[in-house]
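This report examines a single model, beginning with its ligand site and continuing with selected helices and buried residues. The sequence and structure are shown first.

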Amino acid sequence: MRILMAICCTALVLSGCTAPKERVPDLLSRAVSEGKICYGHQDDPAYGHAWCVTDWETDPLDRSDVKDVSGRYPAVVGFDLGGIELADSCNLDGVPFGLMRKAALAQVARGGVVTFSWHPRNPLTGGDAWDVSSDRVVASILPGGEKETEFALWLQRVGDFLESLDGAPLIFRPWHENLGSWFWWGEKLCTPEDYKDLYRLTNDYLTQERGIQNIQWCYSPNGPVSAEDYESRYPGSDYVDILGTDIYEYPGEGETLAEAGERFAGQVRWMLATLQALAADHDKLFCLSETGFEGLPDPLWWTDVLYPAIHGSGICYVLTWRNAHDKPGHFYAPWEGFENAFNFNQFAEKEDIILL
Ligand code: BMA
């Protein structure tokens, strides 16, 4: 048996396949089979609208804006690795990587799911992820590029962190929102081939060279986009396990909240239907990897906008972005005392929405 397993694992590595399906976090597989959707929140245990963990080593990390409001934890917690590439001790939003590790393990221990995005610095200019002043950055870190060696070290540091999670099943979602041009790996900043090479190189390094097999790889361009656009930079089915998309609601010029909500819900429904067809073709899970309406100005957003947009869609999870503790209007989930909390609870109590 052990020999058979060793042969299978070797075959997997040699064939370039990513993690086998058994590695899908239990909760996600269960959600999909029952037609349910896990609710997720970015940075949930690290800070909230008006609080921030200060001493993560002694703090039990049991506070959560979502739990303060609903009595339950989000089923999915998202974290961002931006800064790990420079060996910083905290990420770009001030979250210590030690806290992230401890909170991620606690989330998995309670049966939940963790997902990691990555907003790395710009390796060519020294700027941040949003520095789009050069369209040579991706080319510069690919094999033969002048920043190849430096980027290899960046990936090594990502690998060191992910490896320190003791084999816990996790989702990694690098190089996201790549069909916009606001990150240095965006559409106008690199060719489709260079983008795919970057995604594949990242995956090959972590799964094959480092042997990290507990990662579900999520590809998550910004949406809505056509199936053709979505696939134009798709790295390939051997490199991706979950098809994602990031779509936010923004109030349009002269639009009422109801109109903006309807437009956004329509975009989400349309994009998720597109993903459902692609996911069926590629035999993948799919999700709404990031969403939200900054500051939640719509009092009925959860039940009248988000829920009708995702109900019955087939996604395994939906994740709303962070509740910044240091930027008062920058929040995407309710917090204790916020008027929209009641509506969030109505959403959280739906039969097909999972919290923990
Ligand atoms: C953005 C904002 C920024 C943050 C970045 C990475 O959407 O929330 O404030 O630095 O995500 O988390």
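How many Å from an oxygen atom of the ligand does a polar side-chain atom of Asp93 lie? In this predicted model, the separation between that polar side-chain atom of Asp93 and the ligand oxygen is 2.5 Å.

## Ligand surroundings

The ligand is surrounded by Leu92, Asp93, His119, Trp130, Trp321, Arg322, Lys327 and His330. Besides Asp93, Trp321 places a polar side-chain atom 3.0 Å from an oxygen atom of the ligand. For His330, an N or O atom of the side chain is 2.6 Å from a ligand oxygen atom.

## Helix H7 and Thr202

Helix H7 covers residues 192-209. Its 18 residues, at 1.5 Å each, should span 26 Å, and the 24 Å between its end C-alpha atoms therefore agrees with expectation. Just beyond H7, Gly211 adopts a positive phi of about 70°.

Within H7, the buried positions are Tyr195, Lys196, Leu198, Tyr199, Thr202, Asn203, Tyr205, Leu206 and Thr207. These buried residues pack against three helices and two strands by name: H5 (137-141), H6 (148-163) and H8, together with S6 (170-173) and S7 (215-219).

Thr202 belongs to helix H7 and has a relative accessible area of 0%, so it is classed as buried. Its side chain lies 2.7 Å from the backbone oxygen of Leu198. When neighbours within four places in sequence are set aside, the contacts of Thr202 are Leu155, Phe172, Trp175 and Trp217.

## Ser220 in the S7-H8 loop

Ser220 is located in the loop that connects S7 and H8. Its relative accessible area is 0%, and Ser220 is therefore buried. With residues up to four places away in sequence excluded, Ser220 touches Arg173, His176, Glu177, Asn178, Gly244, Thr245, Asp246 and Ser289. One of these residues, Arg173, also forms a side-chain to side-chain polar contact of 2.9 Å with Ser220.

Ser220 and Ala260 are separated by 40 residues in sequence, and their C-alpha atoms are 23 Å apart. Ala260 is among the buried residues of helix H9, which is described next.

## Helix H9

Helix H9 comprises the 26 residues 257-282. At 1.5 Å a residue the expected span is 38 Å, so the 36 Å between the end C-alpha atoms is in agreement. Immediately after H9, Asp283 takes a positive phi of about 55°.

The buried residues of H9 are Ala260, Gly261, Phe264, Ala265, Val268, Met271, Leu272, Thr274, Leu275, Leu278 and Ala279. Their packing partners are helix H8 (227-232), strand S8 (242-248), strand S9 (285-292) and helix H10. H8 thus appears as a partner of the buried residues of H9 and also of those of H7.

## Packing of H10 with H11

Two packed helices are described by the angle between their axes and the distance between the axes. For helix H10 (residues 301-310) and helix H11 (residues 341-348), the axes come within 8 Å and cross at roughly 30°.

The contact brings Trp301, Trp302, Thr303, Leu306, Tyr307 and Ile310 of H10 against Asn343, Phe344, Gln346 and Phe347 of H11. Of the residues in this contact, seven are nonpolar, three are polar and none is charged.

Key:
Residues numbered from 1 in each chain as written. Predicted model: local features only at pLDDT ≥ 70, side-chain atom pairs only at ≥ 80, totals over all residues. Heavy atoms only, no water. Axes fitted to C-alpha atoms, helices over the stretch in contact; angles between N-to-C directions. Helix = DSSP H or I, 4+ residues; strand = E, 2+ residues; numbered from the N terminus. Contact = heavy atoms within 4.5 Å. Nonpolar A, V, L, I, M, F, W, Y, C, P; charged D, E, K, R; others polar. Expected span 1.5 Å × (residues − 1). Buried < 20%, exposed > 50% of the residue type's maximum accessible area, 1.4 Å probe, protein only. Near = heavy atom within 4 Å. Polar contact = N/O pair within 3.5 Å; in protein donor to acceptor, adjacent residues only side chain to side chain.
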